[in-house]
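Visitor: I have not looked at this structure before. Could we go through it together, one part at a time?

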Amino acid sequence: MLRAYAEGVPQGDGSVLTTKFIGTLGSASAMDDGRWYASRDIDLTCEGEGIASIEYSLSGPHVSQAAGQNEEDQTAVGFDALYNGEVGENEAIPDGNGTASSYTVTYDGQADDERAFNRTLYVMFPADDELSEAAELSRQLYDATGFTRAPSWEEAVGQAESNVALSKLLERRSAEILASTTLTMTAHLDEGGMQTHAYSIAPREDFDEVLGQWLDSQVEPMAAISRYRDDPNHADVYASALDDIRGIYSQPPDLFVLTEQG
């Protein structure tokens, strides 16, 4: 059983609102080919008895393009594995299935795998006019001050608001792509045979409202951090804003509903 499904909050229709299963965007940026990249942490942990290994795989209209075989106008979704450890000189990074539509891990090695690799769900998608305009506005507002001076309070708030507006669009676009994706977990048993569980992923019904409140709460502390970063006369305000933003980041909202398919 996928632990996230077992530990989620039942919604009464066989689905669960998952807790810390798929996070908010961990990173997102524009790519050289005009598309955007966005990634989310994902907790892929299986709990059960007599299991030798677990294969996790993704399926859906965009998954076949996941391993770097994309045309410029195509959308892609897949797993990404970033190695957390260190390698010696001339040593290769351990094979953790890199960017792929599936990967396998031993049941007893799940914890070791989690420590070794930062596994994320990533999506790539073309920009639309709304996303391009939001990104350009954010760039212009930040470029207006650059590194030559600290922004005024009004400028800092405008920069933070533009960053939040862009994040809302990226979160929604990413979530919509994941909603067309199925996560399948296949447990290979010690005594032979296997069990398969497939799960659909969907944004919660009030996704935009819940996410929006969380992102909007970041505007003032983000503005204070930008405005008072190098101002010794407001060191206490800067420190308080850092504490505030750390607290906000430590309590991300639960955004996704997981439904086991029959």
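**A conversation about the chain**

Visitor: Let us start with Thr 182. Which residues does Thr 182 touch, not counting those up to four places away in sequence?

Guide: Thr 182 touches Ser 57, Leu 58, Ser 59, Ala 198, Tyr 199 and Gln 261, when residues up to four places away in sequence are not counted. Please bear in mind that this is a predicted model.

Visitor: Where is the place of Thr 182?

Guide: Thr 182 belongs to strand β9, which covers residues 182-189.

Visitor: Does Thr 182 count as buried or exposed?

Guide: Thr 182 counts as buried, because its relative accessibility is 16% and the cut-off for buried is under 20%.

Visitor: And how many of the eight residues of strand β9 are buried?

Guide: Six of the eight are buried, so strand β9 is largely enclosed by the rest of the structure.

Visitor: What pairs with β9, then? Let us take β5 and β9: how many bridges?

Guide: β5 and β9 pair in the antiparallel sense over eight bridges. Within that pairing, Ile 54 has Ala 187 in β9 as its bridge partner. β9 also pairs with β10, again antiparallel, over seven bridges. There, His 188 stands opposite Met 194 in β10.

Visitor: What do β9 and β10 form, and how many residues are between them?

Guide: They form a hairpin with four residues between the two strands. Gly 192, in the turn, has a positive phi of about 95°.

Visitor: In what order do the seven strands of the open sheet come?

Guide: The order is β1-β2-β11-β10-β9-β5-β7, and the pairing is antiparallel. β1 (9-10) and β7 stand at the edges with a single partner strand each, so one side of each is left without a neighbour in the sheet.

Visitor: What about β10 and β11: how many bridges do they have?

Guide: Strand β10 (residues 194-203) and strand β11 (residues 256-261) are paired in the antiparallel sense over six bridges. Ile 201 stands opposite Leu 258 in β11.

Visitor: Back to strand β7. How many bridges join strand β5 to β7?

Guide: Five bridges join them, and the two strands run antiparallel. Strand β5 spans residues 51-59, and Ser 57 stands opposite Ser 102 in β7.

Visitor: Which side chains of strand β7 point to which face?

Guide: The side chains alternate along strand β7 (residues 102-106). Tyr 103 and Val 105 point to one face and are buried, whereas Ser 102, Thr 104 and Thr 106 point to the other face and are not buried.

Visitor: Now the interior. How many residues are in the largest nonpolar core?

Guide: The largest nonpolar core has 59 residues, and Leu 2, Phe 21 and Tyr 56 have the most contacts inside it. Helix α4 (residues 153-178) gives the most to this core, with nine residues.

Visitor: What is Leu 2 in contact with, leaving aside neighbours within four places in sequence?

Guide: Leaving those neighbours aside, Leu 2 is in contact with Phe 21, Thr 45, Tyr 56, Leu 183, Met 185, Tyr 199 and Leu 258.

Visitor: Let us change to helices. Where is the place of Leu 131?

Guide: Leu 131 is in helix α3 (residues 129-143). Leu 131 counts as buried, at 1% relative accessibility. Apart from neighbours within four places in sequence, Leu 131 is in contact with Trp 36, Phe 125, Leu 166, Leu 169, Leu 170 and Arg 173. The C-alpha atoms of Leu 131 and Leu 169 are separated by 6.6 Å, although these residues are 38 residues apart along the chain.

Visitor: And helix α6: how many of its 10 residues are buried?

Guide: Seven of the 10 residues of helix α6 (residues 219-228) are buried, so this helix is largely enclosed by the rest of the structure. The buried residues are Val 219, Pro 221, Met 222, Ala 223, Ala 224, Ile 225 and Tyr 228. What covers them includes α4, α5 (207-216) and α7 (235-249).

Visitor: Finally, the whole chain. How many helices and strands does its secondary structure come to?

Guide: The secondary structure comes to seven helices and 11 strands. The chain has 262 residues, of which 42% count as buried. The C-alpha atoms fill a box of roughly 70 × 55 × 40 Å along the principal axes.

How values were computed. Residues numbered from 1 in each chain as written. Predicted model: local features only at pLDDT ≥ 70, side-chain atom pairs only at ≥ 80, totals over all residues. Heavy atoms only, no water. Core = buried A, V, L, I, M, F, W, Y, C linked by side-chain atoms within 4.5 Å. Buried < 20%, exposed > 50% of the residue type's maximum accessible area, 1.4 Å probe, protein only. Contact = heavy atoms within 4.5 Å. Pairing = 2+ DSSP bridges.
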